[in-house]
Amino acid sequence: MSYIPLFAGTFVIFTLGSGLASLVYGILLLFQNMGVNYNFGSINLFMTSIVLITVGGLLIITVLLGVFGALKDVSPLRLATLVLLFLLLVVLAVVGVWGMVSYKTGGLEKSIDRDFQLLKEATDATKIDIKKKAEYLNKKFNCCISYPPDANSEGEQQANSCIEPDAGGTIEYKSEMNAACATVYFQTKSKTIFCLAILTLASAGAVFLAILIYALIFQRARAGYTGCNGDGVSPVHRPPVHRPPVTGSSVTGSSVTGRTKPALAGTSC
C-alpha cells in the first residue's frame, strides 16, 4: 500500500496546520482577555479562546491517532479519527460563521451598543461589577461613564476631558464621549472578531480536506485488503493457520520429500 504514506503525509499537513493555528491563536487571545472578567457584545472572546485551545489540542491528538491507524491498519482508530475530525469541523465552522455574520450584519455593533446603554443606565452603585466595568472603559477606551456616590464611595472621578463646565459654573459631562467610547470599543473588538472568523473558517476548510483525504485512505485500505484476501480480513489480523506435523513417510534425512506444500492464500499480495 505505497499510497498510504503519501496520503497520510498530506493528512498530517492539513490537520496539524489547522490544529497549531487554532491553538496558537487561542493562547494569544486568552492572554489578551485573561484579566477581563466582563464582556460587551454577543461574542465573549475569553470563552472563544478556550474553545480554540481545546479544538487545537484535539486536532493534534487526532493527527497521532489517524497516522497510527492508517500505517498500522487499526480500523477502530481510523473510524475514531473520522468522527473526531467531523465534530471539530462543525465547531470551527460554527465559530467562524457566527463571527463573520456578526461582523458583516452589524449584529456585533448593535449588541455592544445595547450593553453600553445598559451600563450607563445602571444606578446601583453598590454593585462591584458596575464600578469595575466603568473604570476599565474609562481607563482603556477614554470613556466618560460615571456612577453615583454611595455610603462607601465618592463616586467615579472623571477625567478632565470628560468635564465641560457651562456658563453658570455647573459641571456637565460630555455625553458625546460615551458614544465615541462605544465606537472605539467596537472597532477594537471587531478587528479581533474578523481575524478570528477568517482563521477558524480557514482551519475548517483544512479539516474538511483532511476528512476527504482520510476517508479515501479508509476506503482504499478496506478495498485493498478485501481484494487481496477475498474475505475482507487484513493479513495483520488474520489468525495463524495450524497445520498438522509432517509425517515421517514424507521426510528423508533433512530434506522433505513427497508433495509440495500448497501456497498460503493471499501471499501473492
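**View 1. Helix α2 and its two ends.** Right after α2 comes D73, with a positive phi near 55 degrees. This is a predicted model, in which local features need pLDDT of at least 70 and side-chain atom pairs count only at pLDDT 80 or more, while totals for chains, interfaces and linings use all residues. Residues are numbered from 1 along each chain as its sequence is written, and side-chain values use heavy atoms, with hydrogens and water left out. Helices (H or I, at least four residues) and strands (E, at least two) are DSSP runs, numbered from the N terminus. At the N-terminal end of α2, N44 acts as a cap, with a side-chain oxygen 3.0 Å from the backbone nitrogen of F46. That pair is a polar contact: N or O atoms within 3.5 Å, where within protein one must be able to donate a hydrogen and the other to accept it, and residues adjacent in sequence count only if both atoms are side-chain atoms. Helix α2 covers residues 45-71, and its end C-alpha atoms are 39 Å apart, which agrees with the 39 Å that its 27 residues should span at 1.5 Å a residue. The expected span is 1.5 Å times one less than the number of residues. Among the buried residues of α2 are L45, T48, L52, G56, L59 and V63. Here, buried means under 20% relative accessible area, exposed over 50%, and partly exposed in between (1.4 Å probe, protein chains only).

**View 2. Helix α3, from its buried residues to the glycine that follows.** With 31 residues (75-105), α3 reaches 45 Å from its first C-alpha to its last, close to the 45 Å expected at 1.5 Å a residue. Its buried residues include the leucines L82, L85, L88, L89 and L92, along with R78, G96, G99 and M100. Just beyond the helix, G106 takes a positive phi of about 85 degrees.

**View 3. T15 and its surroundings in helix α1.** T15 belongs to α1, which runs over residues 3-33. Is T15 buried or exposed? T15 counts as buried because its relative accessibility is 1%. Its side chain comes to 2.9 Å from the backbone oxygen of F11. Leaving out residues up to four places away in sequence, T15 touches L59, V63, L85 and A210, where a contact means heavy atoms within 4.5 Å. Of these partners, L59 and V63 are buried in α2, and L85 is buried in α3.

**View 4. S190 and T192, two buried residues of helix α6.** S190 lies in α6, which covers residues 175-229, and T192 is found in α6 too. S190 counts as buried because its relative accessible area is 6%, and T192 is buried with a value of 18%. Beyond neighbours within four places in sequence, S190 is in contact with Y103 and L108. Which residues does T192 touch, not counting those up to four places away in sequence? They are Y25, L29 and L45. T192 and L45 are 147 residues apart in sequence, yet 8.7 Å apart in space, C-alpha to C-alpha.

**View 5. L137 in helix α5.** L137 sits in α5, residues 128-140, and counts as buried because its relative accessibility is 0%. The C-alpha atom of L137 is separated by 8.6 Å from that of Y185, 48 residues apart along the chain.

**View 6. Stretches listed as transmembrane region.** An unreviewed UniProt entry lists residues 6-31, 43-71, 77-101 and 193-217 under "transmembrane region". UniProt positions are in the numbering used here, feature names are shortened, and annotations may be inferred rather than shown by experiment. In the model, residues 6-31 are 100% helix and 0% strand, with end C-alpha atoms 38 Å apart. Residues 43-71 are 93% helix and 0% strand, and their end C-alpha atoms lie 41 Å apart.

**View 7. Where the predictor is confident, and where it is not.** The mean pLDDT of the protein is 74, and 63% of its residues reach 70 or more; pLDDT is the predictor's confidence in each residue, from 0 to 100. Confidence is highest in α3, at 93, and lowest in strand β3 (residues 251-252), at a mean of 44. Residues 150-160 have pLDDT below 50, and this stretch has 21 contacts in the model beyond near neighbours in sequence. Over residues 249-269 pLDDT also stays under 50, with ten contacts beyond four places in sequence.
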